[in-house]
Amino acid sequence: MIPMLLAQIGLPLLVKAVGGALSESGNPVAKAAGAALTEVEAEIGAGRLSGTDLQEANRHVERIAEMAAQTDRTWLEQVNRTIRAEAQSDDAYVRRMRPTFGYIMALTWAAQMGAVAYVVAVEPDKAGPVIAAIASLGTIWTVGLSVLGIYVYKRSSEKLAAQEDRPGFLSTLIGRLSGPS
């Protein structure tokens, strides 16, 4: 979505935004890239970069954005295919994999947070290094919790779809009270 938005805004604004951000970086390579983009911005501003060149650049940005969107679509289709196959499986473990993963994540998270709380409360002098060590696990937790979030979201969708197929409580009650028609 963001690449498509950037493609619609166009190259001049993109060059200005990215060039300014990179110029402020402490990294020499990023700083050099920012300087190069600042030069491109100056060329655009002075009119030395033709409208045809800008249109061509915008066309390339749009194409890259389309390719990124297609990649995202393909990835989501594969995830959905996997989840559908999992839900239709006759193997009990495959059907229970999502809840099992959720319980494992919850227990692991609780154990880790319990250990951190224990260290902070009982040995506060060691709290700094322990919290720093936990911070280094951020990427692993991000991936695991993201997968769990997708599982929960998908399961919620499955439950909603199942509820839409069944008559509601009042419809069932009225049907039973009114008897056969």
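Me: Buried means under 20% relative accessible area, exposed over 50% and partly exposed in between, with a 1.4 Å probe and protein chains only. Which residues of H3 are buried?

Reply: This is a predicted model, in which local features need pLDDT of at least 70 and side-chain atom pairs count only at pLDDT 80 or more, while totals for chains, interfaces and linings use all residues. Residues are numbered from 1 along each chain as its sequence is written, and side-chain values use heavy atoms, with hydrogens and water left out. Helix H3 runs over residues 28-46, and its buried residues are Ala30, Gly34 and Ile44.

Me: How many degrees around the axis of H3 does the arc of these residues cover?

Reply: The arc, which is that of the directions from the helix axis to the C-beta atoms, puts Ala30, Gly34 and Ile44 on the same side of H3, whereas Pro28, Val29 and Glu39 are exposed on the other side. The arc that the buried residues cover is only 70 degrees.

Me: How far apart are the end C-alpha atoms of helix H3?

Reply: The expected span is 1.5 Å times one less than the number of residues, so the 19 residues of H3 should span 27 Å. Just after the helix, Gly47 takes a positive phi of about 80 degrees. The end C-alpha atoms of H3 agree with the expected span, being apart by 27 Å.

Me: How many helices does the protein have?

Reply: Helices (H or I, at least four residues) and strands (E, at least two) are DSSP runs, numbered from the N terminus. Read along the sequence, the pattern is α-α-α-α-α-α-α-α, and there are 0 strands. The number of helices is 8.

Me: Which residues form an aromatic pair?

Reply: The structure holds 1 such pair, and it is edge-to-face, with 4.7 Å from centre to centre and 85 degrees between the planes. Rings of Phe, Tyr and Trp (its six-membered ring) pair if their centres lie within 6.5 Å, and planes under 30 degrees apart count as stacked, over 60 as edge-to-face and the rest as tilted. The two residues are Trp109 and Trp141.

Me: How many residues apart in sequence are the parts that the pair ties together?

Reply: Trp109 lies in helix H5 (residues 92-122) and Trp141 in helix H7 (residues 138-165), so the pair links separate parts of the sequence. Trp109 is partly exposed at a relative accessible area of 37%, whereas Trp141 is buried at 10%. The parts tied together are apart by 32 residues.

Me: With which side chain does the side chain of Gln112 make a polar contact?

Reply: Gln112 is found in helix H5 and is buried, with a relative accessible area of 14%. Leaving aside neighbours within four places in sequence, Gln112 is in contact (heavy atoms within 4.5 Å) with Ile134, Leu137 and Trp141. A polar contact is a pair of N or O atoms within 3.5 Å; within protein, one must be able to donate a hydrogen and the other to accept it, and residues adjacent in sequence count only if both atoms are side-chain atoms. At 2.8 Å, the partner of Gln112 is the side chain of Trp141.
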